[in-house]
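Me: I'd like to go through this one and press you on the labels. Can you bear with me while I ask what earns each of them?

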Amino acid sequence: VQLQASGGGLVQAGGSLRLSCAASGSIFRINDMGWYRQTPGNQHELVAAISSGGRTNYADSLKGRFTITTDNAKNTVYLQMNSLKPEDTAVYYCNAFIKSHIVGDFRSYWGQGTEVTVSS
């Protein structure tokens with residue numbers, strides 16, 4: 001099982017980006033999916049998460065600006081980021097709890113990280 005993240009880049013403050021993370025491999029079922037970020041100051045925090053039933057959870061400081069969604073047919077989770085601020089600059093990592101056809105229980109998988117830089 002692999003997670004492939006994409007969509008990061010350089011954007012001016014006030015701009016938008018959409019991150020994508022596609023899960024591939026011998027997937028039987030996907031449970032929760034989410035996005036985390038690590039800031040230049042090495043702060044690691046949850047950005048947003050979504051359950052298999054569609055229930056979402058956001059960091060309080062990001063509510064209203066970021067939206068997490070999934071496309072279950074594509075095993076993909078998205079993070080729409082609007083009104084970006086310089087403090088949103090970070091490496092964004094996707095995470096998913098996946099049961100594969102090979103391993104009999106749910107395990108946590110991480111994408112490789114995609115860098116977001118917001119200029120002032």
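**Labels and what backs them**

Me: Let's begin with a pair of residues: which residue in β8 stands opposite Thr67?

Reply: Gln80 in β8 stands opposite Thr67. Another bridge couple is Phe66 with Met81, the latter again in β8. Keep in mind that this is a predicted model.

Me: What makes β7 and β8 count as paired strands?

Reply: The cut-off is at least two bridges between the strands. β7 and β8 (residues 76-81) have six bridges, in the antiparallel sense, so they pass as a pair. They also form a hairpin with four residues between them. In that turn, Asn75 has a positive phi of about 50°.

Me: Where does this pair sit in its sheet, and why is the sheet called open?

Reply: The sheet has four strands in the order β1-β3-β8-β7, with antiparallel pairing. β1 (2-6) and β7 (66-71) are at the edges with a single partner strand each, so each has one side without a neighbour in the sheet. On average, neighbouring strands here are turned by 15° against each other, direction ignored.

Me: Now the inside. Which residues have the most contacts within the largest nonpolar core?

Reply: Trp35, Leu79, Met81 and Tyr92 do, in a core of 31 residues. Strands that each supply at least two of its residues include β1, β3 (17-24), β4 (27-38) and β5 (44-50). β7, β8, β9 (90-100) and β11 (114-119) do so too. β9 gives the most, with five residues. As a general point, nonpolar side chains tend to be buried together in soluble globular proteins.

Me: Then there's Asp88. How do you know whether to call Asp88 buried or exposed?

Reply: Buried means under 20% relative accessible area. Asp88 comes in at 1%, so it counts as buried. The residue is found in the loop between β8 and β9. Leaving aside neighbours within four places in sequence, Asp88 is in contact with Arg37, Leu62, Arg65, Phe66, Ser83, Val116 and Val118.

Me: What makes Asp88 and Arg37 a salt bridge?

Reply: A side-chain nitrogen of Lys or Arg has to be within 4 Å of a carboxyl oxygen of Asp or Glu. For Asp88 and Arg37 the closest N and O atoms are 3.0 Å apart, so the label holds. The partners lie 51 residues apart, with Arg37 in strand β4.

Me: And what about Asp88 with Arg65: what is the N to O distance there?

Reply: That one is 2.8 Å, and the two side chains meet in a salt bridge. This pair also links distant parts of the chain, 23 residues apart, with Arg65 in the loop between β6 (56-58) and β7.

Me: Why are both arginines called buried?

Reply: Arg37 has a relative accessible area of 5% and Arg65 has 12%. Each value is under 20%, so both arginines fall in the buried class.

Me: Last one: what makes this a network?

Reply: Shared partners do. Arg37 also forms a salt bridge with Glu45, the closest N and O atoms being 2.5 Å apart. Through such sharing, Arg37, Glu45, Arg65 and Asp88 are joined into one network. Across the whole structure, a search finds five salt bridges.

Technical notes
Residues numbered from 1 in each chain as written. Predicted model: local features only at pLDDT ≥ 70, side-chain atom pairs only at ≥ 80, totals over all residues. Heavy atoms only, no water. Axes fitted to C-alpha atoms, helices over the stretch in contact; angles between N-to-C directions. Core = buried A, V, L, I, M, F, W, Y, C linked by side-chain atoms within 4.5 Å. Buried < 20%, exposed > 50% of the residue type's maximum accessible area, 1.4 Å probe, protein only. Contact = heavy atoms within 4.5 Å.
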